[in-house]
Amino acid sequence: MAALVTYPAIAAPAHTSSAFHVSYNIAFWNIPIGHTDYDGALGANTYSAKAHFETGGVVGIFWKSFVDATVNGSIGPHSISPATYDSHSQNHNRPLQQVKVTFQNDDPITFADPPYDAKKYPVSEAQKKGAVDPMSAITSIFSGTNADDEHPCGNGAQVFDGRRRYNVRLTYVKDEVVKLGDGLFNGTAHLCELHYEAIAGYPQSDAMAWQTSPKMLADFIAVPAPDAPSGRYIVPIKLWSVRSLGTMTVTLDSIKIDGVTALAMTARN
C-alpha cells in the first residue's frame, strides 16, 4: 500500500541497508484462519521484498489458498519506484496463477499465466499512470515514505496489481494505548482508518460492495531503524474490521530488524 509521493528535500539519515521482517496472524472470531510474512531488504537507493500468505486452521482445510509475491525497485526517504512485481497464487481448487508487472518509465506492462481477459473489466493507461504494485505499496508504508507528523500512518496508496486498479487511503483518527501479548508491544499507537476505493478492473457489483463495506481500522507505531531509508519503520501492529458475522483481526506476531528480534517496542510520535 503506497502512493508515489515526493516531499520537499530535507536532510536524510545516513544509512547503508536494512533487513526488515514482520509476520501476522489472521483470525475471525478469534479463530486462526491464516498467516502472512513479509521480508524486505532496503538499501540506500534500492529495495527488494518478498511476502507469503496462506490460509490455515479450519479455513485452510476447506479453502486452501496461498500467495507468494516478490518485488524490486528504487527507493528514497520519500519516494518509491517499482521495477518488477511477480506473484504466484492459488485460490482453493483453481489453477496456479502467475501475474508479473514490469514498470517501464512508470508504465506497467502485465504478463499473466494463464492469461485472462483484461478487456472485460478494463483499466485505462491513464488510470495505471503513477500507480504502484501491491508489494511496493506495502514496502512504502513500512518504510514511511509518505508518513509525517500530520499523517503518522502515511496517507495512502494508488495500486495496480496487474488486473485491478484501486486506492487505499489512510486517515489518522487518534492516539490510543495498545498492549499486545508476549510483551511485543505496550504503549501508545496511532489509530488510523483504512479506506479502500475500487477504481477499475472490477465488476460493478464488486465495486459497489467495497463502497458499502464495514470500516477497517489499524494501530500503527514507529520503530527506530537508523539504516532504513527514513530512519524508522512504520508498522501496523493490529488491524481489524467488524463484520456482520464477527470481527476479522490481523495481529503482529513477530518483528525483526537486521536479524534482531524487536521486543517491548515503544511508539515514537
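This passage describes the fold, the cores, the ring pairs and the backbone features of one protein model.

The model is predicted. Its pLDDT averages 87 over the protein, and 90% of the residues score at least 70. Residues 1–15 fall below 50 in pLDDT. Beyond near neighbours in sequence, that stretch has 49 contacts in the model.

The secondary structure comprises four helices and 14 strands. The protein has 269 residues, and 44% of them are buried. Contacts between residues at least 6 apart in sequence were also examined. Of these, 58% join residues at least 24 apart.

The largest nonpolar core contains 34 residues. Six of its members touch the most other members: F20, V22, V235, I237, L252 and I255. A second core, separate from it, has eleven residues. Among them are I141, L170, L194 and M216. The surroundings of I237 can be listed once neighbours within four places in sequence are left aside. I237 is then in contact with V178, L180, F185, A189 and D219. Its other contacts are I221, V250, T251 and L252.

Aromatic rings were considered next. The whole structure holds six aromatic pairs. A pair of this kind is described by the distance of the ring centres and the angle of the planes. In the pair of F28 and W29, the centres are 6.2 Å apart and the planes meet at 15°. That angle is under 30 degrees, so the pair counts as stacked. F28 is partly exposed, with a relative accessibility of 24%. W29 is exposed, at 57%. W29 belongs to the loop between β1 (17–28) and β2 (31–43). The phi angle of W29 is near 55°, which is a positive value in a residue other than glycine.

Y166 and Y196 form another stacked pair. Their ring centres lie 4.9 Å apart, and their planes are at 20°. This pair links distant parts of the chain. Y166 is in strand β9 (residues 165–179), and Y196 is in strand β10 (residues 186–200). The two tyrosines are 30 residues apart. Y166 has a relative accessible area of 12%, so Y166 is buried.

Ring pairs also join F20, Y38, F142 and Y233 into a cluster. F20 appears again here, having been named among the core residues that touch the most other members. Y38 can be placed relative to F53: the two are 15 residues apart in sequence, and their C-alpha atoms are 9.0 Å apart in space. F53 is in strand β3 (residues 46–55). Its relative accessible area is 27%, so F53 is partly exposed. Apart from neighbours within four places in sequence, F53 is in contact with I26, H35, T36, S65, F66 and V67.

Charged side chains also meet aromatic rings. The charged end of R163 sits over the ring of Y116, at 3.8 Å from the ring centre. The charged end of K238 sits over the ring of W240, at 5.9 Å from the centre.

The structure has one disulfide. It joins C153 to C192, with an S to S distance of 1.9 Å. The torsion about this S-S bond is about 75°, so the disulfide is right-handed. C153 lies in the loop between α3 (134–143) and β8 (156–160), while C192 lies in strand β10. The pair therefore ties together parts that are 39 residues apart in sequence. C153 has a relative accessibility of 1% and counts as buried. C192 is buried too, with a relative accessible area of 1%. Strand β10 thus contributes C192 to the disulfide, and Y196 in strand β10 takes part in a ring pair.

Two further backbone features were found in loops. A cis peptide bond joins D113 and P114, with omega at about -5°. P114 lies in the loop between β7 (107–113) and α2 (125–128). H92 has a phi near 60°, a positive value in a residue other than glycine. H92 is found in the loop between β5 (79–91) and β6 (97–104). H92 is partly exposed, because its relative accessibility is 31%.

How values were computed. Residues are numbered from 1 along each chain as its sequence is written. This is a predicted model: local features need pLDDT of at least 70, side-chain atom pairs count only at pLDDT 80 or more; totals for chains, interfaces and linings use all residues. Side-chain values use heavy atoms; hydrogens and water are left out. A nonpolar core is a set of buried Ala, Val, Leu, Ile, Met, Phe, Trp, Tyr and Cys residues joined through side-chain atoms within 4.5 Å. Buried means under 20% relative accessible area, exposed over 50%, partly exposed in between (1.4 Å probe, protein chains only). Contact means heavy atoms within 4.5 Å. Rings of Phe, Tyr and Trp (its six-membered ring) pair if their centres lie within 6.5 Å; planes under 30 degrees apart count as stacked, over 60 as edge-to-face and the rest as tilted. A charge sits over a ring if NZ of Lys or CZ of Arg is within 6 Å of the ring centre and within 35 degrees of the ring normal. pLDDT is the predictor's confidence in each residue, from 0 to 100. A disulfide is a pair of cysteine sulfur atoms within 2.5 Å.
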